[in-house]
Amino acid sequence: MIASAYFTTLLLFLLSHDVSGAPTASIPVVGQSIPLRRLSPSSQNLTLVAQRAKGQRDMLTAKYGGPLGKRATGYNLLVNQGVDTGYYGSIAIGTPPMSFDVILDTGSSDLWLISSTCGAVCGSSPAYDPATSSSFQNLSTPFEITYGSGAAAGYLAEETVQMAGFSVQKQGFGVVDALSSNFNQNPVSGLMGLAWSSLASSGKTPFWQTLASGGSWDSPLFGVQLTRYGNASNPTQNEPGGVIDMGYTNSSLYSGSIEYHALLGQPEFWEINMNTLTVQGNSINIAGMSTAIIDTGTTNIAGPASAVESIYAQIPGSQPGTGQWAGYYLYPCSTTVNVEFNFGGISWSMSPADFTHTQISSSQCIGAFFTSTIGQGGPSWIIGDAFLKNVYSVFRFNPPSVGFAALSATAIAQNGIKAAVPSATIGAVAAEVTTGAASSGRPLSTMLCLWLVSASIAFTLS
């Protein structure tokens, strides 16, 4: 079909300017598709990729190794960082508000930002300066949270925090002045935890939970759609990453119904039961090891050693990785690997493109499944972005549950698209609350304005 220059201009405007606010009425899908291509080994720094992979395994040990413990809508456009390695959105903090980019992590519950006093150890990312805000309050309480072999440390404070058109006053967060691991990469300045308050190292209620529990949202839930660039042609470090929808589900981004699954036990992590896992049509034995945490802050998928070994046993030519690839597996890149997850209803397919974590030679690839080192007392599986890129995910406050729905053609068309990266933007506030107080928000009148794709391209997979 012939692309409209008007729609092209509108798409680029939306991606480069609009990261918060309310959605507009949906626009019919025009049936575009995109080429899927496998990255060549030379297009990535394999040493850095290996370091990140090792760090991912280490981080899960620290993150999960201990005991497990109707007013408005808004959205925030995301950025895909490091070729599907992570996804970040933007918040505004302080009075007057200053915008910062933060990793969005459903596997933790704390909000923290690097401080202007952190120095070189915190890298070149923009830093929060408490002295510039009249709403800052130092709680004079130490703060520390561990991520793998390093930690973020500082002190607790309260501030006014905005995201997606919502504002929470006296939001507890960590002001980080010591970062012992290379956690953040420019322009990321911190992390926003999207799990439950019972997990918060700070003891503070997460931003999302204050809004969901206080009636600030039309519906007590948020939805997430993530893009795929891992096998796009010449992806850059930062690309359009999808969206987080707050207080509603964006029906333009999914088709059919949302299948919900109740959380296991008292809400802590977004933890549900996995019924079956099949690879190349063969069932993997997960008896006694079926608990799964849905984690947007994890790139790949971690599982028990015996199950991961069984997964790669279905792929001839696979072998365990060594060195920094220990815990991962190598397999022939020429093999198309089909994986399906079932959580008690529909079987959800994972794209073969997402099974490939990276390509390390002309013939060998590293798979997305790796062995967990969490140990007894932790979850069996950590299901990260490698799977979540294939579904529209919903995280519901009441009743506590996780939902999945099939991606729409509109959502799929955003994978690999060449477009401007959303920038951190301070949006208009539609609902404002104070931690522990009732909402004063009012309904927004518009729906999410869809990203419009201006060209029709045939799907290919090489």
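## Overview of the chain

Of the 462 residues in the chain, 56% are buried. The structure is a predicted model. Its secondary structure amounts to seven helices and 29 strands.

The surface that the chain exposes comes to about 16,900 Å². Carbon and sulfur atoms supply 53% of this exposed area.

## Nonpolar cores

The largest nonpolar core contains 75 residues. Within this core, the residues with the most contacts are F341, F369 and W381. A second core, separate from the largest one, has 15 residues, among them I103, C118, I145 and A152.

F341 may be examined in further detail. When its neighbours within four places in sequence are set aside, F341 is in contact with several residues, including M274, T276, L277 and I301. The contacts of F341 also include I346, S347, W348 and M350, as well as F369, I383 and F387. F369 therefore appears twice in this account: as a contact of F341, and as one of the residues with the most contacts inside the largest core, where membership rests on burial and on side-chain atoms within 4.5 Å.

## A four-stranded sheet

Strands of a sheet pair through backbone hydrogen bonds, in either a parallel or an antiparallel manner. One open sheet in this model consists of four strands in the order β15-β14-β20-β21, and its pairing is antiparallel. The edge strands are β15, covering residues 282-283, and β21, covering residues 347-350; each of them pairs on one side only.

Strand β14 spans residues 276-279 and pairs with β15 in the antiparallel sense over two bridges. V279 has N282, in β15, as its bridge partner.

How values were computed
Residues numbered from 1 in each chain as written. Predicted model: local features only at pLDDT ≥ 70, side-chain atom pairs only at ≥ 80, totals over all residues. Heavy atoms only, no water. Buried < 20%, exposed > 50% of the residue type's maximum accessible area, 1.4 Å probe, protein only. Contact = heavy atoms within 4.5 Å. Areas by Shrake-Rupley, 256 points an atom, 1.4 Å probe, with all protein chains shown as cover. Pairing = 2+ DSSP bridges.
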